[in-house]
Amino acid sequence: MLSMIKQDTNVIFERDPAANGLLEVLLTYSGLHAIIFYRLAHPLYNLGLRTIPRIISQIGRFLTGIEIHPGAKIGPGFFIDHGMGVVIGETTEIGSNVTLYQGVTLGGTGKETGKRHPTIGDNVMISAGAKVLGSIEIGDNVKIGAGAVVLEEAPNDCTVVGIPGRIVVKDGEKLEQDCADLEHGDLPDPVQEMLLCMNTRIKKLEKQNNN
């Protein structure tokens, strides 16, 4: 557990340019605090305890604004940037080196029993406000855009944006319009692109009618 917490701490310096020192990270990073509470609660949950791990997770939620169910399975190198409003459900499985931003929900749809939360692969980035819902699999090296609502599985090496989530880049190839290689703040908007296409088409039709 301590080695995983060390990895969780080290990735902050790798992924957050605002991290200035170990003391600052340990004292002020709520995402790290939430992960530490989870790392404490999860082994107790695996022992068959339920109430004590949930109490620990609720203390973490109260202090950080981040809710991680102690039953979730989370790999090493997990990073929550800012994190307020992040919710991770009981049967969620998260691989290695995954990054979540504030407002992300890894939740259920309310219809399933048993495995009802998503499985997230390695090296995945889920941007601010995105919702990944249901017992679906998100592959390795996937990027999910801000505000996306993902209800279907995503294969390895793709980019998903929109409501509902749609794959716009796969294996480095653009599937829709102009899509840059994702930065957290530089995401394609398929709805806006469709409206622009419709507007261009309407202008062409109007010009043809006038002629």
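What share of the contacts in the chain with a separation of 6 or more comes from residues 24 or more positions apart? In this predicted model, such residues account for 33% of those contacts.

**The whole chain**

Begin with the full chain in view. The C-alpha atoms fill a box of roughly 75 × 45 × 30 Å along the principal axes. A cartoon representation should be compared with an assignment of five helices and 16 strands. Of the 211 residues, 41% are buried. If a surface is displayed, its accessible area comes to about 11400 Å², and carbon and sulfur atoms contribute 55% of that area. Colouring by charge picks out 19 positive and 25 negative side chains, with the centres of the two sets 5 Å apart.

**The open sheet**

Next, select strands 1, 4, 7, 10 and 13. These five strands form an open sheet in the order 1-4-7-10-13, with parallel pairing. Strand 1 (67-68) and strand 13 (149-150) stand at the edges; each has a single partner strand, so one side of each lacks a neighbour in the sheet. Strands of a sheet pair through backbone hydrogen bonds, in either a parallel or an antiparallel sense.

Within this sheet, select residues 87-88 and 105-107. These are strand 4 and strand 7, which pair in the parallel sense over two bridges. V87 stands opposite T105 of strand 7.

**The salt bridges**

The structure holds three salt bridges, and each may be visited in turn. Side chains of opposite charge can pair when their charged atoms come close.

Select R39 and D8 first. Their side chains meet in a salt bridge with an N to O distance of 3.0 Å. R39 belongs to helix 3 (residues 30-46) and D8 to helix 1 (residues 2-15), so the pair ties together parts that are 31 residues apart in sequence. Is this pair buried or exposed? R39 has a relative accessible area of 5% and is buried; D8, at 1%, is buried as well. Both values are to be read against the cut-off of under 20% for a buried residue.

Move then to R116 and E90, whose closest N and O atoms are 2.7 Å apart in a salt bridge. This pair links distant parts of the chain, 26 residues apart: R116 is in the loop between strand 7 and strand 8 (119-120), while E90 is in the loop between strand 4 and strand 5 (93-94). R116 is partly exposed at 27% relative accessible area, and E90 is partly exposed at 23%.

For the remaining stop of this section, select E67 and R61. Their salt bridge has its closest N and O atoms 2.9 Å apart. E67 is partly exposed at 27% relative accessibility, and R61 is partly exposed at 40%.

**Backbone details in the loops**

Now display the backbone around P164, in the loop between strand 14 (158-161) and strand 15 (166-170). The peptide bond from I163 to P164 is cis, with omega near -10 degrees.

Which residue in the loop between strand 11 (137-138) and strand 12 (143-144) should be selected next? It is N141, which has a positive phi of about 60 degrees although it is not a glycine. N141 is partly exposed, with a relative accessible area of 35%.

Finish at D157, in the loop between strand 13 and strand 14. D157 has a positive phi near 60 degrees and is likewise a residue other than glycine. At 33% relative accessibility, D157 counts as partly exposed.

Terms used: Residues numbered from 1 in each chain as written. Predicted model: local features only at pLDDT ≥ 70, side-chain atom pairs only at ≥ 80, totals over all residues. Heavy atoms only, no water. Pairing = 2+ DSSP bridges. Helix = DSSP H or I, 4+ residues; strand = E, 2+ residues; numbered from the N terminus. Salt bridge = Lys/Arg side-chain N within 4 Å of Asp/Glu carboxyl O. Buried < 20%, exposed > 50% of the residue type's maximum accessible area, 1.4 Å probe, protein only. Contact = heavy atoms within 4.5 Å. Areas by Shrake-Rupley, 256 points an atom, 1.4 Å probe, with all protein chains shown as cover. Lys, Arg positive; Asp, Glu negative; His and termini not counted. Charge placed at Lys NZ, Arg CZ, Asp CG, Glu CD.
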